[in-house]
Amino acid sequence: MLTQRPRGMHDILPQEASLWHEIEEAARRICARYGFSEVRTPILEHTELFQRGVGENTDIVEKEMYTFNDRGGRSMTLRPEGTAGAVRAYVEHKFYGGPQPIKWFYLGPMFRYERPQAGRQRQFHQFGVEVFGVADPAVDAEVIALGLDFLEDIGLEGLRLELNSVGCPQCRPMYRERLQAYYRPLREQLCEDCRDRLERNPLRLLDCKRETCKALAERAPRIEEALCEECRAHDEGVHRHLEAAGIAYEINPRLVRGLDYYTRTAFEVVEDGIGAQGTVLGGGRYNGLVEELGGPSVPGIGFAAGLERLILALEQRRGEGTSETGVDVFGIALGDEASVELTGWLRRLRALGCRAERGFEGKSLKAQLKAADRLGARWALILGEEERRRGVVMVKDLAGGEQRELPVLEVESWWKETEHGTGR
Ligand code: HAM
(Lines give C-alpha, C1' and ligand atoms only; values in the text may rest on other atoms or scores of the structure.)
Protein backbone atom coordinates (compact mmCIF):
# COMPACT_ATOMS: atom_id res chain seq x y z
CA MET A 1 0.00 0.00 0.00
CA LEU A 2 2.72 2.41 1.01
CA THR A 3 4.35 2.34 -2.40
CA GLN A 4 1.22 2.11 -4.45
CA ARG A 5 -0.91 4.98 -5.68
CA PRO A 6 -4.67 4.83 -5.06
CA ARG A 7 -6.60 2.86 -7.70
CA GLY A 8 -7.70 4.98 -10.63
CA MET A 9 -5.28 7.77 -9.78
CA HIS A 10 -2.11 8.53 -11.69
CA ASP A 11 1.23 10.21 -11.27
CA ILE A 12 1.98 12.58 -14.10
CA LEU A 13 5.67 11.94 -14.49
CA PRO A 14 8.22 14.45 -15.79
CA GLN A 15 8.43 12.77 -19.20
CA GLU A 16 4.71 13.42 -19.69
CA ALA A 17 4.76 16.98 -18.42
CA SER A 18 5.55 18.67 -21.72
CA LEU A 19 2.41 17.22 -23.32
CA TRP A 20 0.31 18.45 -20.39
CA HIS A 21 1.86 21.89 -20.72
CA GLU A 22 1.12 21.94 -24.43
CA ILE A 23 -2.53 21.15 -23.82
CA GLU A 24 -2.89 23.63 -20.98
CA GLU A 25 -1.20 26.36 -23.00
CA ALA A 26 -3.49 25.68 -25.95
CA ALA A 27 -6.51 25.95 -23.64
CA ARG A 28 -5.31 29.32 -22.34
CA ARG A 29 -4.44 30.57 -25.82
CA ILE A 30 -7.83 29.70 -27.31
CA CYS A 31 -9.70 31.06 -24.28
CA ALA A 32 -7.88 34.38 -24.64
CA ARG A 33 -8.98 34.48 -28.26
CA TYR A 34 -12.60 34.04 -27.24
CA GLY A 35 -12.43 36.41 -24.26
CA PHE A 36 -12.65 33.84 -21.44
CA SER A 37 -10.89 34.45 -18.10
CA GLU A 38 -9.61 31.82 -15.71
CA VAL A 39 -11.45 30.96 -12.50
CA ARG A 40 -10.04 28.67 -9.81
CA THR A 41 -12.57 27.29 -7.36
CA PRO A 42 -11.89 24.95 -4.42
CA ILE A 43 -11.42 21.26 -5.06
CA LEU A 44 -13.57 20.61 -2.01
CA GLU A 45 -17.14 21.90 -1.78
CA HIS A 46 -20.15 21.29 0.43
CA THR A 47 -21.75 18.01 -0.60
CA GLU A 48 -25.11 19.71 -1.01
CA LEU A 49 -23.78 21.78 -3.90
CA PHE A 50 -23.37 18.68 -6.05
CA GLN A 51 -26.54 17.00 -4.79
CA ARG A 52 -28.52 20.03 -5.88
CA GLY A 53 -26.33 20.99 -8.83
CA VAL A 54 -25.48 17.73 -10.55
CA GLY A 55 -28.75 16.06 -9.44
CA GLU A 56 -29.77 13.45 -6.86
CA ASN A 57 -30.67 10.89 -9.50
CA THR A 58 -27.41 10.90 -11.40
CA ASP A 59 -24.78 8.17 -11.23
CA ILE A 60 -22.29 10.79 -10.09
CA VAL A 61 -24.23 11.74 -6.97
CA GLU A 62 -25.62 8.29 -6.25
CA LYS A 63 -22.47 6.26 -6.63
CA GLU A 64 -19.36 8.19 -7.56
CA MET A 65 -18.65 11.00 -5.14
CA TYR A 66 -15.79 11.09 -2.66
CA THR A 67 -17.75 12.37 0.33
CA PHE A 68 -16.65 12.60 3.94
CA ASN A 69 -17.27 14.59 7.10
CA ASP A 70 -14.61 17.15 7.93
CA ARG A 71 -13.41 17.63 11.47
CA GLY A 72 -16.24 20.06 12.09
CA GLY A 73 -18.82 17.43 11.10
CA ARG A 74 -19.73 19.07 7.77
CA SER A 75 -20.28 16.83 4.77
CA MET A 76 -17.70 17.72 2.12
CA THR A 77 -17.12 16.33 -1.38
CA LEU A 78 -14.15 16.32 -3.73
CA ARG A 79 -15.54 18.00 -6.83
CA PRO A 80 -16.68 15.48 -9.45
CA GLU A 81 -16.99 18.24 -12.08
CA GLY A 82 -16.45 21.98 -12.42
CA THR A 83 -19.78 23.51 -13.35
CA ALA A 84 -21.45 23.45 -9.92
CA GLY A 85 -18.46 25.18 -8.28
CA ALA A 86 -18.29 27.80 -11.04
CA VAL A 87 -22.01 28.53 -10.62
CA ARG A 88 -21.57 28.75 -6.85
CA ALA A 89 -18.75 31.28 -7.31
CA TYR A 90 -20.80 33.27 -9.85
CA VAL A 91 -23.68 33.52 -7.37
CA GLU A 92 -21.58 34.00 -4.24
CA HIS A 93 -19.64 36.91 -5.77
CA LYS A 94 -22.79 38.35 -7.38
CA PHE A 95 -21.40 38.38 -10.90
CA TYR A 96 -25.02 38.47 -12.11
CA GLY A 97 -25.15 42.11 -10.98
CA GLY A 98 -22.73 43.33 -13.68
CA PRO A 99 -22.72 43.27 -17.47
CA GLN A 100 -23.26 39.85 -19.03
CA PRO A 101 -22.09 37.51 -20.36
CA ILE A 102 -19.54 36.32 -17.83
CA LYS A 103 -17.12 33.94 -19.57
CA TRP A 104 -14.90 31.70 -17.48
CA PHE A 105 -12.59 28.76 -17.99
CA TYR A 106 -10.89 26.36 -15.60
CA LEU A 107 -8.29 23.61 -15.59
CA GLY A 108 -7.90 21.14 -12.79
CA PRO A 109 -8.48 17.76 -11.18
CA MET A 110 -11.91 16.19 -10.68
CA PHE A 111 -12.79 13.05 -8.74
CA ARG A 112 -15.27 10.29 -9.44
CA TYR A 113 -15.34 6.86 -7.86
CA GLU A 114 -15.80 5.01 -11.14
CA ARG A 115 -14.53 1.65 -12.34
CA PRO A 116 -11.12 2.51 -13.79
CA GLN A 117 -10.30 1.56 -17.39
CA ALA A 118 -8.48 3.14 -20.34
CA GLY A 119 -9.63 6.76 -20.47
CA ARG A 120 -11.47 6.55 -17.18
CA GLN A 121 -9.80 7.40 -13.89
CA ARG A 122 -10.93 8.28 -10.41
CA GLN A 123 -8.83 11.40 -10.45
CA PHE A 124 -8.85 13.04 -13.86
CA HIS A 125 -8.36 16.53 -15.23
CA GLN A 126 -10.73 18.77 -17.07
CA PHE A 127 -10.44 21.89 -19.13
CA GLY A 128 -13.87 23.50 -18.92
CA VAL A 129 -15.59 26.73 -19.89
CA GLU A 130 -18.82 28.33 -18.68
CA VAL A 131 -20.78 31.30 -20.02
CA PHE A 132 -23.38 32.95 -17.81
CA GLY A 133 -26.08 35.44 -18.61
CA VAL A 134 -26.91 35.01 -22.30
CA ALA A 135 -29.57 32.72 -23.76
CA ASP A 136 -28.81 33.54 -27.42
CA PRO A 137 -28.06 30.42 -29.53
CA ALA A 138 -25.05 32.34 -30.88
CA VAL A 139 -23.37 31.63 -27.53
CA ASP A 140 -23.99 27.90 -27.89
CA ALA A 141 -22.22 28.00 -31.25
CA GLU A 142 -19.33 30.07 -29.84
CA VAL A 143 -18.80 27.66 -26.98
CA ILE A 144 -18.79 24.70 -29.36
CA ALA A 145 -16.45 26.54 -31.74
CA LEU A 146 -14.08 27.26 -28.86
CA GLY A 147 -14.01 23.58 -27.95
CA LEU A 148 -13.31 22.49 -31.51
CA ASP A 149 -10.64 25.18 -32.03
CA PHE A 150 -8.93 23.95 -28.89
CA LEU A 151 -8.98 20.34 -30.07
CA GLU A 152 -7.69 21.35 -33.47
CA ASP A 153 -4.95 23.48 -31.92
CA ILE A 154 -3.55 20.51 -30.01
CA GLY A 155 -3.67 18.39 -33.14
CA LEU A 156 -6.97 16.53 -32.91
CA GLU A 157 -8.95 17.11 -36.05
CA GLY A 158 -11.76 15.27 -37.74
CA LEU A 159 -13.56 14.35 -34.53
CA ARG A 160 -17.29 13.77 -34.46
CA LEU A 161 -19.52 16.48 -32.96
CA GLU A 162 -22.82 15.09 -31.73
CA LEU A 163 -25.65 17.42 -30.91
CA ASN A 164 -29.10 17.17 -29.41
CA SER A 165 -31.66 19.18 -27.52
CA VAL A 166 -32.85 17.78 -24.21
CA GLY A 167 -35.75 20.22 -23.97
CA CYS A 168 -36.69 22.32 -20.97
CA PRO A 169 -38.89 22.07 -17.85
CA GLN A 170 -41.89 22.94 -20.03
CA CYS A 171 -41.56 20.19 -22.62
CA ARG A 172 -39.38 17.55 -20.98
CA PRO A 173 -41.97 16.21 -18.48
CA MET A 174 -44.24 15.26 -21.32
CA TYR A 175 -41.42 13.57 -23.15
CA ARG A 176 -40.50 11.68 -19.99
CA GLU A 177 -44.02 10.35 -19.79
CA ARG A 178 -43.95 9.27 -23.41
CA LEU A 179 -40.68 7.48 -22.81
CA GLN A 180 -42.04 5.72 -19.73
CA ALA A 181 -45.15 4.71 -21.63
CA TYR A 182 -42.93 3.22 -24.35
CA TYR A 183 -40.57 1.42 -21.96
CA ARG A 184 -42.93 0.10 -19.28
CA PRO A 185 -44.23 -2.83 -21.33
CA LEU A 186 -40.59 -3.66 -22.21
CA ARG A 187 -39.40 -3.55 -18.62
CA GLU A 188 -38.39 -7.20 -18.48
CA GLN A 189 -36.06 -6.79 -21.44
CA LEU A 190 -34.14 -3.94 -19.81
CA CYS A 191 -30.91 -4.31 -17.88
CA GLU A 192 -31.05 -3.93 -14.13
CA ASP A 193 -29.74 -0.35 -14.16
CA CYS A 194 -32.28 0.70 -16.75
CA ARG A 195 -35.17 -0.85 -14.83
CA ASP A 196 -34.05 1.26 -11.94
CA ARG A 197 -33.78 4.38 -14.11
CA LEU A 198 -37.17 3.87 -15.71
CA GLU A 199 -39.12 5.62 -12.96
CA ARG A 200 -36.49 8.03 -11.73
CA ASN A 201 -34.49 9.20 -14.73
CA PRO A 202 -35.97 7.65 -17.89
CA LEU A 203 -33.96 9.83 -20.32
CA ARG A 204 -30.86 7.93 -19.28
CA LEU A 205 -32.34 4.77 -20.81
CA LEU A 206 -31.54 6.26 -24.18
CA ASP A 207 -27.78 6.08 -23.76
CA CYS A 208 -27.39 2.73 -22.03
CA LYS A 209 -24.46 0.89 -23.63
CA ARG A 210 -25.93 -2.64 -23.32
CA GLU A 211 -26.88 -4.19 -26.64
CA THR A 212 -30.47 -5.11 -25.73
CA CYS A 213 -31.15 -1.65 -24.26
CA LYS A 214 -29.53 -0.02 -27.28
CA ALA A 215 -31.86 -1.86 -29.62
CA LEU A 216 -34.90 -0.74 -27.63
CA ALA A 217 -33.63 2.86 -27.56
CA GLU A 218 -33.45 2.85 -31.37
CA ARG A 219 -37.23 2.62 -31.55
CA ALA A 220 -38.01 4.89 -28.59
CA PRO A 221 -39.93 8.15 -29.17
CA ARG A 222 -37.55 10.93 -30.22
CA ILE A 223 -37.23 14.08 -28.20
CA GLU A 224 -37.22 16.39 -31.19
CA GLU A 225 -40.87 15.53 -31.77
CA ALA A 226 -41.66 16.59 -28.20
CA LEU A 227 -39.82 19.92 -28.01
CA CYS A 228 -41.80 23.07 -27.24
CA GLU A 229 -41.80 25.98 -29.67
CA GLU A 230 -39.04 27.90 -27.82
CA CYS A 231 -36.76 24.90 -27.56
CA ARG A 232 -37.27 24.10 -31.22
CA ALA A 233 -36.48 27.69 -32.23
CA HIS A 234 -33.37 27.71 -30.06
CA ASP A 235 -32.22 24.43 -31.54
CA GLU A 236 -32.67 25.70 -35.08
CA GLY A 237 -30.79 28.85 -34.13
CA VAL A 238 -27.85 26.78 -32.90
CA HIS A 239 -27.80 24.82 -36.16
CA ARG A 240 -27.77 28.01 -38.25
CA HIS A 241 -24.92 29.54 -36.26
CA LEU A 242 -22.90 26.33 -36.46
CA GLU A 243 -23.42 26.11 -40.19
CA ALA A 244 -22.31 29.74 -40.59
CA ALA A 245 -19.13 28.86 -38.67
CA GLY A 246 -18.49 25.90 -40.96
CA ILE A 247 -18.92 23.40 -38.13
CA ALA A 248 -20.16 19.96 -39.12
CA TYR A 249 -22.40 18.16 -36.61
CA GLU A 250 -24.48 15.04 -36.31
CA ILE A 251 -27.82 15.07 -34.58
CA ASN A 252 -27.90 12.26 -32.03
CA PRO A 253 -31.42 12.01 -30.59
CA ARG A 254 -30.15 9.64 -27.92
CA LEU A 255 -27.54 12.03 -26.54
CA VAL A 256 -28.78 12.88 -23.04
CA ARG A 257 -25.63 13.44 -20.92
CA GLY A 258 -25.06 12.16 -17.41
CA LEU A 259 -25.80 15.31 -15.42
CA ASP A 260 -29.26 16.59 -14.60
CA TYR A 261 -28.79 20.29 -15.16
CA TYR A 262 -28.98 20.40 -18.93
CA THR A 263 -31.67 22.24 -20.83
CA ARG A 264 -31.92 22.51 -24.60
CA THR A 265 -28.47 22.16 -26.22
CA ALA A 266 -26.42 19.08 -25.29
CA PHE A 267 -23.28 18.09 -27.20
CA GLU A 268 -20.32 15.76 -27.16
CA VAL A 269 -17.17 15.41 -29.20
CA VAL A 270 -16.17 11.82 -29.81
CA GLU A 271 -12.80 10.34 -30.82
CA ASP A 272 -13.54 6.87 -32.15
CA GLY A 273 -9.97 5.61 -31.97
CA ILE A 274 -9.45 5.41 -28.19
CA GLY A 275 -11.95 2.75 -27.23
CA ALA A 276 -15.11 2.73 -25.17
CA GLN A 277 -14.32 6.00 -23.39
CA GLY A 278 -14.12 8.03 -26.57
CA THR A 279 -15.98 11.14 -25.48
CA VAL A 280 -13.24 13.72 -25.18
CA LEU A 281 -15.49 16.70 -24.56
CA GLY A 282 -19.06 17.14 -23.38
CA GLY A 283 -21.32 19.98 -22.42
CA GLY A 284 -24.54 21.84 -22.88
CA ARG A 285 -26.88 24.56 -21.75
CA TYR A 286 -28.13 24.77 -18.16
CA ASN A 287 -30.69 27.56 -17.99
CA GLY A 288 -32.10 26.57 -14.58
CA LEU A 289 -28.92 25.83 -12.64
CA VAL A 290 -28.01 29.28 -11.37
CA GLU A 291 -31.47 29.66 -9.87
CA GLU A 292 -31.39 26.10 -8.50
CA LEU A 293 -28.19 27.03 -6.65
CA GLY A 294 -29.63 30.12 -5.03
CA GLY A 295 -29.05 32.81 -7.67
CA PRO A 296 -31.42 34.70 -9.93
CA SER A 297 -32.78 33.14 -13.10
CA VAL A 298 -29.72 33.35 -15.35
CA PRO A 299 -29.00 31.10 -18.33
CA GLY A 300 -25.68 29.29 -18.68
CA ILE A 301 -23.81 27.01 -21.04
CA GLY A 302 -20.43 25.29 -21.04
CA PHE A 303 -18.40 22.18 -21.67
CA ALA A 304 -15.54 20.22 -20.19
CA ALA A 305 -12.87 18.16 -21.93
CA GLY A 306 -11.08 15.26 -20.23
CA LEU A 307 -7.34 15.89 -20.54
CA GLU A 308 -6.28 12.26 -20.02
CA ARG A 309 -8.46 11.23 -22.96
CA LEU A 310 -6.93 13.94 -25.10
CA ILE A 311 -3.49 12.67 -24.17
CA LEU A 312 -4.47 9.11 -25.07
CA ALA A 313 -5.72 10.30 -28.45
CA LEU A 314 -2.63 12.43 -29.08
CA GLU A 315 -0.22 9.67 -28.13
CA GLN A 316 -2.02 7.35 -30.45
CA ARG A 317 -1.72 9.81 -33.32
CA ARG A 318 1.83 10.90 -32.67
CA GLY A 319 3.31 7.74 -31.22
CA GLU A 320 4.69 7.68 -27.69
CA GLY A 321 5.33 10.99 -25.99
CA THR A 322 8.43 13.02 -26.72
CA SER A 323 10.12 14.31 -23.62
CA GLU A 324 12.51 16.93 -24.97
CA THR A 325 13.55 19.14 -22.10
CA GLY A 326 16.25 21.09 -23.93
CA VAL A 327 19.72 21.86 -22.61
CA ASP A 328 21.91 24.58 -24.10
CA VAL A 329 25.06 24.23 -22.08
CA PHE A 330 26.51 21.40 -20.04
CA GLY A 331 29.23 22.55 -17.64
CA ILE A 332 32.05 20.12 -16.94
CA ALA A 333 34.47 20.85 -14.12
CA LEU A 334 37.56 18.75 -13.49
CA GLY A 335 38.70 19.22 -9.93
CA ASP A 336 37.37 20.92 -6.82
CA GLU A 337 38.41 24.49 -7.54
CA ALA A 338 37.04 24.28 -11.06
CA SER A 339 33.78 22.93 -9.71
CA VAL A 340 33.38 25.88 -7.38
CA GLU A 341 34.08 28.33 -10.18
CA LEU A 342 31.59 26.57 -12.45
CA THR A 343 28.85 27.08 -9.85
CA GLY A 344 29.39 30.84 -10.17
CA TRP A 345 29.24 31.19 -13.90
CA LEU A 346 26.48 28.69 -14.49
CA ARG A 347 24.27 30.85 -12.29
CA ARG A 348 25.17 33.91 -14.37
CA LEU A 349 24.47 32.02 -17.61
CA ARG A 350 21.09 30.89 -16.34
CA ALA A 351 20.26 34.49 -15.43
CA LEU A 352 20.72 35.24 -19.15
CA GLY A 353 18.14 32.60 -20.02
CA CYS A 354 20.60 29.85 -20.87
CA ARG A 355 19.34 26.33 -20.06
CA ALA A 356 22.37 25.02 -18.25
CA GLU A 357 23.18 21.71 -16.58
CA ARG A 358 26.37 20.37 -15.09
CA GLY A 359 28.17 17.26 -13.96
CA PHE A 360 28.63 16.44 -10.29
CA GLU A 361 30.83 14.42 -7.95
CA GLY A 362 34.09 14.90 -9.85
CA LYS A 363 33.30 12.34 -12.53
CA SER A 364 35.76 11.81 -15.38
CA LEU A 365 35.65 13.95 -18.52
CA LYS A 366 34.37 10.96 -20.46
CA ALA A 367 31.54 10.26 -18.02
CA GLN A 368 30.52 13.91 -17.99
CA LEU A 369 30.52 14.17 -21.78
CA LYS A 370 28.32 11.11 -21.83
CA ALA A 371 25.90 12.78 -19.42
CA ALA A 372 25.85 15.90 -21.64
CA ASP A 373 25.07 13.71 -24.60
CA ARG A 374 22.29 11.92 -22.76
CA LEU A 375 20.62 15.25 -22.05
CA GLY A 376 21.01 16.34 -25.67
CA ALA A 377 23.09 19.40 -24.69
CA ARG A 378 24.21 21.66 -27.53
CA TRP A 379 27.50 22.86 -25.97
CA ALA A 380 29.89 21.58 -23.35
CA LEU A 381 31.92 24.09 -21.38
CA ILE A 382 34.93 22.27 -19.99
CA LEU A 383 36.93 23.72 -17.16
CA GLY A 384 39.98 21.67 -16.15
CA GLU A 385 42.51 22.70 -13.50
CA GLU A 386 45.06 23.76 -16.10
CA GLU A 387 42.51 25.90 -17.97
CA ARG A 388 41.31 27.40 -14.73
CA ARG A 389 44.83 28.55 -13.90
CA ARG A 390 45.12 30.18 -17.31
CA GLY A 391 41.65 31.80 -16.96
CA VAL A 392 40.18 30.02 -19.98
CA VAL A 393 37.48 27.48 -20.65
CA MET A 394 37.07 24.96 -23.47
CA VAL A 395 33.88 25.30 -25.52
CA LYS A 396 32.90 22.14 -27.34
CA ASP A 397 30.21 22.13 -29.98
CA LEU A 398 28.50 18.82 -29.24
CA ALA A 399 26.70 18.74 -32.56
CA GLY A 400 29.68 19.55 -34.79
CA GLY A 401 32.56 18.35 -32.61
CA GLU A 402 34.83 21.45 -32.92
CA GLN A 403 36.23 22.99 -29.79
CA ARG A 404 38.00 26.20 -28.95
CA GLU A 405 39.31 28.07 -25.96
CA LEU A 406 37.55 31.05 -24.52
CA PRO A 407 38.64 33.44 -21.75
CA VAL A 408 36.42 32.75 -18.72
CA LEU A 409 35.52 36.42 -18.60
CA GLU A 410 33.98 36.14 -22.04
CA VAL A 411 31.65 33.25 -21.31
CA GLU A 412 28.65 35.48 -20.82
CA SER A 413 29.18 37.48 -23.98
CA TRP A 414 29.84 34.23 -25.86
CA TRP A 415 26.44 32.98 -24.74
CA LYS A 416 24.70 36.21 -25.73
CA GLU A 417 26.19 36.00 -29.24
CA THR A 418 25.49 32.30 -29.55
CA GLU A 419 21.92 32.66 -28.40
CA HIS A 420 21.47 35.55 -30.76
CA GLY A 421 23.05 33.57 -33.58
CA THR A 422 20.69 30.65 -33.10
CA GLY A 423 17.72 33.02 -33.05
CA ARG A 424 16.34 31.49 -29.87
P1 HAM B 1 -18.97 15.21 -18.20
O2 HAM B 1 -19.53 14.69 -19.46
O3 HAM B 1 -19.34 14.48 -16.96
O4 HAM B 1 -19.43 16.73 -18.09
O5 HAM B 1 -17.41 15.27 -18.29
C6 HAM B 1 -16.77 15.98 -19.33
C7 HAM B 1 -15.59 15.19 -19.85
O8 HAM B 1 -14.70 14.86 -18.79
C9 HAM B 1 -15.93 13.85 -20.46
O10 HAM B 1 -16.34 13.99 -21.80
C11 HAM B 1 -14.61 13.13 -20.37
O12 HAM B 1 -13.76 13.50 -21.44
C13 HAM B 1 -14.05 13.64 -19.06
N14 HAM B 1 -14.31 12.67 -17.99
C15 HAM B 1 -15.43 12.51 -17.26
N16 HAM B 1 -15.28 11.52 -16.35
C17 HAM B 1 -14.04 11.04 -16.52
C18 HAM B 1 -13.27 10.01 -15.87
N19 HAM B 1 -13.75 9.29 -14.87
N20 HAM B 1 -12.01 9.79 -16.31
C21 HAM B 1 -11.50 10.52 -17.33
N22 HAM B 1 -12.16 11.51 -17.96
C23 HAM B 1 -13.41 11.77 -17.55
C24 HAM B 1 -19.09 17.56 -17.07
O25 HAM B 1 -18.29 17.31 -16.22
C26 HAM B 1 -19.76 18.91 -17.16
N27 HAM B 1 -19.40 19.69 -15.97
C28 HAM B 1 -19.37 19.62 -18.44
C29 HAM B 1 -20.06 20.95 -18.57
C30 HAM B 1 -19.52 22.15 -18.30
N31 HAM B 1 -21.32 21.13 -18.91
C32 HAM B 1 -21.58 22.44 -18.88
N33 HAM B 1 -20.51 23.06 -18.49
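**View 1. A loop carries Pro101, between helix 4 (83-92) and strand 5 (102-111).** This is a predicted model. Look at the bond that leads into the proline. The peptide bond from Gln100 to Pro101 is cis. Its omega is near 0 degrees. Most peptide bonds are trans. Pro101 itself belongs to the loop, with helix 4 on one side and strand 5 on the other.

**View 2. Arg264 has a positive phi.** Where does Arg264 sit? The residue lies in the loop between strand 8 (250-251) and strand 9 (265-270). Its phi is near 55 degrees. Arg264 is not a glycine. Most residues other than glycine have a negative phi.

**View 3. The ligand sits in a shell of 27 residues.** The closest are Glu81, Thr83, Glu114, Glu130 and Tyr262. By class, the shell holds 10 nonpolar, 10 polar and 7 charged residues. Three strands are worth tracing here. Strand 6 (123-132), strand 10 (279-285) and strand 11 (300-306) each contribute at least two shell residues. Which strand gives the most to the shell? Strand 10 does, with 6 residues.

**View 4. Polar atoms of Thr83, Gln126 and Val280 approach the ligand.** Start with Thr83. An N or O atom in the Thr83 side chain is 2.8 Å from a nitrogen atom of the ligand. Thr83 is also among the closest residues of the shell. Next is Gln126. One of its polar side-chain atoms lies 3.1 Å from a ligand oxygen atom. Val280 uses its backbone instead. There, an N or O atom lies 3.4 Å from an oxygen atom of the ligand. How much of the ligand's accessible area does the protein cover? On its own, the ligand has 650 Å² of accessible area, and the protein covers 96% of it.

**View 5. Strands 2, 4 and 3 form an open antiparallel sheet.** The order is 2-4-3. Strand 2 (44-46) and strand 3 (67-69) stand at the edges. Each has a single partner strand, so one side of each is left without a neighbour in the sheet. From one strand to the next, the twist averages 35 degrees. Strands of a sheet pair through backbone hydrogen bonds, either parallel or antiparallel. Here strand 2 and strand 4 run antiparallel and are joined by 3 bridges. Strand 3 and strand 4 (residues 75-78) also pair in the antiparallel sense, over 3 bridges.

**View 6. Met76 of strand 4 is a bridge partner of His46 and of Phe68.** Find Met76 in strand 4. One of its partners is His46. Another is Phe68. Thr67 stands opposite Thr77 of strand 4. Now follow the chain from strand 3 into strand 4. The two form a hairpin, with 5 residues between them. Gly73 is in the turn. Its phi is positive, about 85 degrees.

**View 7. An open sheet of 5 strands has mixed pairing.** What is the strand order? It reads 13-12-14-15-16. Strand 13 (356-358) and strand 16 (403-407) are the edge strands. Each has a single partner strand, so one side of each is left without a neighbour in the sheet. Neighbouring strands are turned by 25 degrees against each other on average, direction ignored. Strand 12 (residues 329-333) and strand 14 (residues 379-383) pair in the parallel sense. They share 5 bridges. One bridge to look for links Ile332 with Ile382 of strand 14.

**View 8. Residues 7-314 carry a domain annotation in UniProt.** The entry is unreviewed. It lists the range as "domain: Aminoacyl-transfer RNA synthetases class-II family profile". Over residues 7-314, the chain is 38% helix and 19% strand. The end C-alpha atoms of this range are 24 Å apart.

Methods: Residues numbered from 1 in each chain as written. Predicted model: local features only at pLDDT ≥ 70, side-chain atom pairs only at ≥ 80, totals over all residues. Heavy atoms only, no water. Near = heavy atom within 4 Å. Polar contact = N/O pair within 3.5 Å; in protein donor to acceptor, adjacent residues only side chain to side chain. Areas by Shrake-Rupley, 256 points an atom, 1.4 Å probe, with all protein chains shown as cover. Helix = DSSP H or I, 4+ residues; strand = E, 2+ residues; numbered from the N terminus. Nonpolar A, V, L, I, M, F, W, Y, C, P; charged D, E, K, R; others polar. UniProt positions renumbered as here; feature names shortened; annotations may be inferred. Pairing = 2+ DSSP bridges. Axes fitted to C-alpha atoms, helices over the stretch in contact; angles between N-to-C directions.
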